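User: I am in my first year and would like to learn how to read a protein model. Could you go through this one with me, question by question?

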Amino acid sequence: IGGSKVSTKLPVIKGLLKQVDMLILGGGLAFTFIKAKGIPVGNSLVEDSMIDIAKEILEYAEAHGKTLVIPVDAVCGTSFPSGPVDKKDTKIFDLNSSGGIEDGWSGFDIGPKSVDNIRASLDGVKKIIFNGPMGVFEIAPYDEGTIGLVEAIEECTKKGAISVVGGGDSVAALEQFNKTSAVSYVSTGGGATLELLAGDELPGVTAIADFN
């Protein structure tokens, strides 16, 4: 799960953890979790009102033996990009207790170590749901994290995994990278997909199920 819709996705994540073996987090929403772990995030996107929920999710995952993969590094800039960015104007920060993002810098993509972690974590999985990009994928070089994730999903799909992509931004990322055929199924229903998987009731689905 990625993207920047922190307040809409965080409440669903706890329900998702009951249904999945592993949850990979990226994009803007990941910084709320990183801050919840006590790691400095600089000026990165964070919803402070969701910190306690993030802590609960981290504790739940640990208590129930769920694998939660969180970025270990981030590609950062000093301002939100409005056009292509020169790599020399970016900086990669490690996200750990002895590091973190400096003040004045914001995370706009997951870093190369995080991409390697995701690729290793996905090796051998049978089912994948991808919802939300890993960074500001529309603008280079902040597209590299999402490209890395999509390529990892493509590799798994070629090995027989079922891969489902849901949500407008996720679909847009696939189209941008010419990878729409690299996954098993593409859906424009992002939030609804997550809610259904988390066990929430969707009126339309319920109506179909009750139809005689």
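**Salt bridges and the fold around them**

User: How many salt bridges does the structure hold?
Analyst: The model is a predicted one, and a salt bridge is counted in it where a side-chain nitrogen of Lys or Arg comes within 4 Å of a carboxyl oxygen of Asp or Glu. By that rule, the number of salt bridges that the structure holds is 10.

User: Lysine 14 and glutamate 56 meet in a salt bridge, but how many residues apart are they?
Analyst: The side chains of lysine 14 and glutamate 56 come together at 3.9 Å, N to O. Lysine 14 belongs to helix 1 (residues 6–17) and glutamate 56 to helix 3 (residues 51–63), so the pair links distant parts of the chain. Along the sequence the two are apart by 42 residues.

User: Are lysine 14 and glutamate 56 buried, exposed or partly exposed?
Analyst: A residue is called buried under 20% relative accessible area and exposed over 50%, with partly exposed in between. Lysine 14 has a relative accessibility of 31%, and glutamate 56 has one of 40%. Because these values lie between the two cut-offs, lysine 14 and glutamate 56 are each classed as partly exposed.

User: Aspartate 123 and lysine 159 also form a salt bridge; where in the chain does lysine 159 lie?
Analyst: The side chains of aspartate 123 and lysine 159 meet at 3.7 Å, N to O. This pair links distant parts of the chain, 36 residues apart, with aspartate 123 in the loop between helix 4 (112–122) and strand 6 (127–130). Aspartate 123 is exposed at 56% relative accessible area, and lysine 159 is exposed at 64%. The place of lysine 159 is the loop between helix 5 (144–158) and strand 7 (162–166).

User: Which residues are joined into one network by salt bridges that share partners?
Analyst: A starting point is the salt bridge between the side chains of lysine 179 and glutamate 154, at 2.7 Å, N to O. Lysine 179 sits in the loop between helix 6 (168–176) and strand 8 (185–187) while glutamate 154 is in helix 5, so the pair ties together parts 25 residues apart in sequence. Glutamate 154 is buried, with a relative accessible area of 16%. The network formed through shared partners consists of Glu154, Lys158 and Lys179.

User: In what order do strands 6, 7 and 8 stand in their open sheet?
Analyst: The edge strands of this sheet are strand 6 and strand 8, each of which pairs on one side only. Strand 6 and strand 7 pair in the parallel sense over four bridges, and isoleucine 128 stands opposite serine 163 in strand 7. From one strand to the next, the twist averages 15°. The order in this sheet of three strands is 6-7-8.

User: At about what angle to strand 6 does helix 5 run?
Analyst: Helix 5 lies across two strands of the sheet, strand 6 and strand 7. The angle between helix 5 and strand 6 is about 155°.

User: Which residues is serine 187 in contact with, leaving aside its neighbours within four places in sequence?
Analyst: Serine 187 lies in strand 8, and it is buried, with a relative accessible area of 18%. With those neighbours set aside, its contacts are Val165, Gly166, Gly167, Val171 and Thr193.

User: What is the separation between the C-alpha atoms of glycine 42 and aspartate 143?
Analyst: Glycine 42 is placed in the loop between helix 2 (30–36) and helix 3, and it is partly exposed at 27% relative accessible area. Leaving aside its neighbours within four places in sequence, glycine 42 is in contact with Ile101, Glu102, Asp103 and Trp105. Aspartate 143 is 101 residues from glycine 42 along the chain, and the C-alpha atoms of the two are separated by 21 Å.

User: What is the radius of gyration of the whole protein?
Analyst: The protein has eight helices and eight strands. For 212 residues the globule rule gives 17 Å, and the value for this protein is close to that, so it is as compact as a globular protein of that length. The radius of gyration is 17 Å.

User: What share of the 212 residues in the protein is buried?
Analyst: The accessible surface comes to about 10,700 Å², of which 51% belongs to carbon and sulfur atoms. A residue counts as buried under 20% relative accessible area, and the share of the 212 residues that is buried is 48%.

Terms used:
Residues numbered from 1 in each chain as written. Predicted model: local features only at pLDDT ≥ 70, side-chain atom pairs only at ≥ 80, totals over all residues. Heavy atoms only, no water. Buried < 20%, exposed > 50% of the residue type's maximum accessible area, 1.4 Å probe, protein only. Contact = heavy atoms within 4.5 Å. Pairing = 2+ DSSP bridges. Axes fitted to C-alpha atoms, helices over the stretch in contact; angles between N-to-C directions. Rg over C-alpha atoms; globule rule 2.2 N^0.38 Å. Areas by Shrake-Rupley, 256 points an atom, 1.4 Å probe, with all protein chains shown as cover.
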